[in-house]
Amino acid sequence: MAQLKHSEKIPLSQEDLEEGLRFAKNTLQLAGKEILPLFRSNLDGENKITVGYDPVTLADRKSEALIREEIAKHYPHHGVFGEEEGYAVGNGLTWVIDPIDGTRGFMAGMLHWGMLLALFDGETPVLGVAYQPYTGELFYGVANSSWLQRGNEREKPLKTSSCVDLKLAFLGSTDETLFDEALKEKFLKLRNAVRVCRLGGDCYSYCALAMGGLDVAIDPGLKPYDIQALIPIIKGAGGEITTFDGGNPSMGGDVVASANLTLHRKVLEVLND
């Protein structure tokens, strides 16, 4: 299967960005209506891997199919990279889809899951949307700003916390068992350096960070569709997000986000000591 890669940056106007953001918000809300009846319906999943457990459900497939249909109608020349259906190369601009981030949580009837959609310009995601249709929460970011809209309420700007002391920080991660032996030592050092650690968040950990709840979020082995939509949301709220070595997180990998640059530098010091 072809993989998304960095390429020459495609410039976009402010009008292009605003139009793209409207499209992404509307499309995820449309897909959310499609799959919400399947939530808490005892939906079973098919395991995509032979070692371990990585489920895909009817809801994942229906969600990605609808999002791809909408992209084909509105942006036929753009590429599409999705978790379930792979990569269709386009004109250099690529929509990056995670139809349900947190499928295990979805299957368990828990709330820590969401639908992710980003527009990648070849260098970085320039806009991103995360949607939790059960709670009606829509997180979105573009051009150094990000917002939360819940149901019919007015949107409000997102702002990360002002925490700069690791000893006071709240840390979020999806699953401690996802860290291999070498990375687990790094994670445990960070976990022992903070005040509180909460597990099981998937994409919602990064949304909680953008809201100012969590101060640090960390996960290993991410794919581009796991993280791209969350990058503009976090950066627009004042946060910082990189790979463990401080690099560009757009292609995924071992990723950590912090509420601000000062805290992030301290987190990276712990991870790379």
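## Ground rules

Two strands pair if DSSP finds at least two bridges between them, and the elements named here are DSSP runs numbered from the N terminus: helices are H or I runs of at least four residues, strands are E runs of at least two. The model is predicted, so local features need pLDDT of at least 70 and side-chain atom pairs count only at pLDDT 80 or more, while totals for chains, interfaces and linings use all residues. Residues are numbered from 1 along each chain as its sequence is written, and side-chain values use heavy atoms, with hydrogens and water left out.

## The open sheet

Let's start with the sheet. Eight strands form an open sheet with mixed pairing, in the order 4-3-5-6-7-8-9-10. Its edges are strand 4 and strand 10 (156-157), each of which pairs on one side only. At the strand 10 end, two bridges hold strand 10 to strand 9 (residues 145-150) in the antiparallel sense, and Trp147 has Pro157 as its bridge partner in strand 10. As background, strands of a sheet pair through backbone hydrogen bonds, either parallel or antiparallel.

Strand 3 is a good place to see both kinds of pairing. Strand 3 runs parallel to strand 5 (residues 94-101), with four bridges between them; here Gly82 is matched with Ile97 of strand 5. Towards strand 4 (residues 86-88) the pairing is antiparallel, over three bridges, and Val80 finds its bridge partner in Ala88. A hairpin of three residues makes the connection from strand 3 to strand 4.

In a regular strand the side chains alternate between the two faces of the sheet. Strand 3 (residues 79-82) is covered on both: Gly79 and Phe81 are buried on one side, Val80 and Gly82 on the other. Buried here means under 20% relative accessible area, with exposed over 50% and partly exposed in between (1.4 Å probe, protein chains only).

## Two nonpolar cores

A nonpolar core is a set of buried Ala, Val, Leu, Ile, Met, Phe, Trp, Tyr and Cys residues joined through side-chain atoms within 4.5 Å. The largest one has 33 residues, and Ile71, Trp95 and Phe106 have the most contacts inside it. At least two residues of this core come from each of helix 1 (14-35), helix 2 (58-74), strand 5, strand 6 (114-120), strand 7 and strand 8 (137-142). Helix 1 is the top contributor to this core, with seven residues.

Take a look at Ile71: beyond its neighbours within four places in sequence, Ile71 is in contact (heavy atoms within 4.5 Å) with Phe23, Pro76, Val80, Trp95 and Ile97. Another core lies apart from the largest one; its 31 residues include Leu116, Ala210, Leu222 and Ala237.

## Helix 5

Helix 5 (203-211) is largely enclosed by the rest of the structure, because eight of its nine residues are buried. Those buried residues are Cys203, Tyr204, Ser205, Tyr206, Cys207, Ala208, Leu209 and Ala210. After helix 5 comes Gly212, with a positive phi near 95°.

## Pockets

Pockets are found on a 1 Å grid over the protein atoms alone: a cavity is a set of points where a 1.4 Å probe fits but cannot get out, whereas a pocket is an open set with protein on both sides within 12 Å along at least five of seven lines, and lining residues have an atom within 4 Å of a point. Grid points are joined across faces, edges and corners, and a volume is the space filled by probe spheres set on the points.

The largest pocket holds about 920 Å³ of space. Of its 31 lining residues, Asp54, Arg104, Thr174, Leu178 and Asp202 lie nearest the centre. Strand 5, helix 3 (103-108), helix 5, strand 13 (216-222) and helix 6 (224-227) give two or more residues each to this lining, and strand 13 has the largest share, four residues. The lining has eleven nonpolar, eight polar and twelve charged residues, where Ala, Val, Leu, Ile, Met, Phe, Trp, Tyr, Cys and Pro count as nonpolar, Asp, Glu, Lys and Arg as charged, and the others, Gly among them, as polar.

The second largest pocket has about 180 Å³ of space. Its lining includes Leu17, Val126, Asn144 and Lys235, and divides into seven nonpolar, three polar and one charged. Helix 7 (230-236) and strand 7 (125-132) each supply at least two of these residues, and helix 7 gives the most, four residues.

## Gly239

Gly239 sits in the loop between helix 7 and strand 14 (240-243). Gly239 counts as buried because its relative accessibility is 8%. Leaving aside neighbours within four places in sequence, its contacts are Thr160, Ile234, Ser258, Ala259 and Asn260.
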